[in-house]
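Student: Please give me a close look at the salt bridges of this model, and set them in their surroundings. I would like one connected account, with each cut-off stated where it is first needed.

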Amino acid sequence: MNLFNLVLLELWHRKSRLISGLMAIIFGIAVIVGIRSVATFSEKAVAVKLDNLGANILVLPQGASTDDYYTADIDAPTFPENYVERIVTSDLSGVDNLSPKLSRRVKIGEESFVLTGILPANEITAKPLWQTSGLMGAELKASCAPSNTANQSLGYKDERLQRKTIDSLAAVDCYVGFIAAKKLSVVEGGKISIENKEFNVAKVLPETGTIDDGRIFAHLHTVQKLLGIENQISAIEIMGCCNAISEGLLSKMRNILPDTRITTIGQIVSTQLETNKMMNQISLIFLIIILLVGGISIGNYMWANVNERKKEIGIYRMVGFSQSKIYSMLLIKSVILGFFGGILGYIIGTFAGIILGPQLAGIIVQPIAVLFPFSILLSIIISVIGSLIPAYQASRIEPYSIMQES
Amino acid sequence: MYLQVKNITKQYHHHNGTVINALSDVSVTIEKGRFVTITGSSGSGKSTLLFILGGLLRPSSGSIFFNEQPLHSAGDNALSAFRQKHIGYVMQSFSLIPYLTAEENVMVPLSLLQKDKKTQMEIARELLTTVGLSDRMQHYPKELSAGQQQRVAIARALANNPSVILADEPTGNLDPSLASEILTLLKELNTKNGITIIMVTHSPEAAKYGNVKIHLKDGCVTKTN
Ligand SMILES: Nc1ncnc2c1ncn2[C@@H]1O[C@H](COP(=O)(O)OP(=O)(O)OP(=O)(O)O)[C@@H](O)[C@H]1O
Ligand SMILES: [Mg+2]
């Protein structure tokens, strides 16, 4: 028999009161775990949705404004095409779908249009997140790739596949935006002449409601040759994973591409970052409340327990237990309480998340393993802190006066 | 010289501000192997003296020595170790831990020693057999009679192989025939095992078992022989 056995026997003896003492801490841990579970999976769902919206990072030449990207003036600065290679061969994760573009304003007849050179095989898959990190923590991060089986299993549809309309483009072909086609009054199969070169209109693009409607698209290398600015591009559009962006993807890219301006398609990303921030703040507030309520309630339970056990503690002191032994016994007890509180809290919180997630947030929630040790640790810390004063009080019990009372 | 108190006083500070002089200038020397009885009227300071002798209570002034070692200046760890090594307590109300079986109650003092569970159990069983409870090892205190509970308490007091047993009215809650059984047991421990017994008692019957008698009156020793 040792201190630990004695503590367990005592806990077992008063097990009915144990539950009420643990209630607050179990409930508290459950709330945190529930919130974190739902938040994590909704962040993931939002991230997948945002990523599906398309490119959210723009690499522009140093000194270019975002306006240049839209207006494509004749003297707008450019940078080398091999920058794409730099990103691809770097060890950056969370970048996907790099599409280099060269845009210039051209005159066709009286009207001026933006001619944009693109690489048709724009699925230059550059080390997406799910390939570079496969361990437990990665599950918590939303994957950038909607085609990721994990995402699909969670019910996220691969919307991006529907956007991918351009997959091959011959050197003499061009695609004409919806409005541009109207202005030029061309149809599919027709011909247009740009800068003295004949292009086949391979397709008239459906209306998108964006600036793309007024543009004409041709193969990047054809456009480069035609305009006499070979191996240069005016922008790279990138789909960056939202989580990767919030973790500093941009500054990492700036290191690789020093003489460029890298921006995010701001609002999309900042909305996501806001949401993450808010969720984290809510969790933090709950954490503080739970620390207080859980700690106080455990402390209260311990206090009552110590008072009830005064005589018993006196007996331990009588047979030779020192003050520090009594103190240790109570702290061991608080660790055991915290341990079980953490386990129960995790289980209840996870179940609550799984049940309530689909109903409240419309997302599928799965157990998050890393929250398990976290719950136990947090619960133990709260329990120990709440028990410090009662344990001290217990160690000060005068064995003699207790003996007198009986 | 064995266990000695010199000029000790003990004041209790009551929370209403009054000071109670429980012991005033008490000096006693207790030789090894004696059976000492402490008598006196209620409130005369018997329990107070007993607890001071056992290192459970500190005197307000004066000194206490165990084999020349001063205890009045010892810290909590040293005093606890002293109780654990040398003292066994038997109280009037049986002071057993309710959620432990007879056997486990006897093992409590042993849990402070570096002994494995098996050894602890063997010692506990042997002691419970000595006090005549070989068939009640797994019983909880509430499943035992008053006399049996007191035997468990004696077995527990013996667990650490003490040189002194301090008993505060050990028979106070027992009927006369049970009382004499317990007193006989204590006497046996004194004569056969050479354990020093210091027993507080009200009853003149019980006091007859002693060979050294201390009588207290209003916190002062009035008689020793
Ligand atoms: N914790 C305490 N606080 C204040 N006064 C106390 C305390 N304990 C004992 N006293 C007082 O000290 C005096 C001596 O008490 P003590 O318990 O030593 O007497 P006793 O001889 O053992 O009495 P009894 O035979 O009734 O057990 C009594 O007057 C008692 O009221
Ligand atoms: Mg008394």
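Tutor: What follows takes the salt bridges within a chain, then the contact between chains, and lastly two acidic residues in loops.

This is a predicted model, in which local features need pLDDT of at least 70 and side-chain atom pairs count only at pLDDT 80 or more, while totals for chains, interfaces and linings use all residues; side-chain values use heavy atoms, with hydrogens and water left out. Residues are numbered from 1 along each chain as its sequence is written, and chains are lettered from A and ligands numbered from 1 in the order in which they are written.

Over all chains, a search of the whole structure finds 14 salt bridges, a salt bridge being a side-chain nitrogen of Lys or Arg within 4 Å of a carboxyl oxygen of Asp or Glu. One of them joins the side chains of A:Arg14 and A:Glu308, with an N to O distance of 3.6 Å. This pair links distant parts of the chain, 294 residues apart, since A:Arg14 sits in the loop between helix H1 (3-13) and helix H2 (15-52) of chain A, and A:Glu308 belongs to helix H13 (residues 266-308) of chain A. Helices are DSSP runs of H or I with at least four residues and strands are runs of E with at least two, numbered from the N terminus. A:Arg14 is buried, with a relative accessible area of 9%, whereas A:Glu308 is partly exposed at 37%; here buried means under 20% relative accessible area, exposed over 50%, and partly exposed in between, with a 1.4 Å probe and protein chains only. A:Arg14 and A:Glu308 also belong to a network of salt bridges that links them with A:Glu10, A:Arg309, A:Glu312 and A:Lys333.

A further pair in chain A is A:Glu237 with A:Lys101, whose side chains meet in a salt bridge at 2.6 Å, N to O. A:Glu237 lies in strand S10 (residues 235-240) and A:Lys101 in strand S3 (residues 95-108), both of chain A, so this salt bridge ties together parts that are 136 residues apart in sequence. A:Glu237 counts as buried at 14% relative accessibility, and A:Lys101 is buried as well, at 13%. In chain B, the side chains of B:Lys208 and B:Glu205 meet in a salt bridge at 3.3 Å, N to O; B:Lys208 counts as exposed at 59% relative accessibility, and B:Glu205 as exposed at 52%.

Across the interface of chain B and chain A, the rule finds one salt bridge. B:Asp76 forms a salt bridge with A:Arg317, and the closest N and O atoms of the pair are 2.9 Å apart. The elements of chain B that give two or more residues to the side touching chain A are helix H1 (46-53), helix H2 (76-86), helix H3 (102-110) and helix H4 (117-130), and H2(B) provides the largest share of that side, five residues. The residues of this side divide into 14 nonpolar, nine polar and five charged, where Ala, Val, Leu, Ile, Met, Phe, Trp, Tyr, Cys and Pro count as nonpolar, Asp, Glu, Lys and Arg as charged, and the others, Gly among them, as polar. The contact (heavy atoms within 4.5 Å) takes 28 residues from chain B and 26 residues from chain A. The area buried between the two chains is about 2,400 Å², of which carbon and sulfur atoms give 65%; buried area is the accessible area (1.4 Å probe) that two parts lose on being put together, summed over both.

Two acidic residues in loops of chain A complete the account. A:Asp259 lies in the loop between helix H12 (249-256) and strand S11 (260-264) and is partly exposed, with a relative accessible area of 40%. Its side chain makes a polar contact with the side chain of A:Tyr83 at 2.6 Å, a polar contact being a pair of N or O atoms within 3.5 Å, where within protein one must be able to donate a hydrogen and the other to accept it, and residues adjacent in sequence count only if both atoms are side-chain atoms. A:Asp259 and A:Pro61 are 198 residues apart in sequence, yet 6.8 Å apart in space, C-alpha to C-alpha. A:Glu188 has its place in the loop between helix H9 (178-184) and strand S6 (191-194) of chain A, and a polar atom of the side chain of A:Glu188 lies 3.4 Å from the backbone nitrogen of A:Val204.
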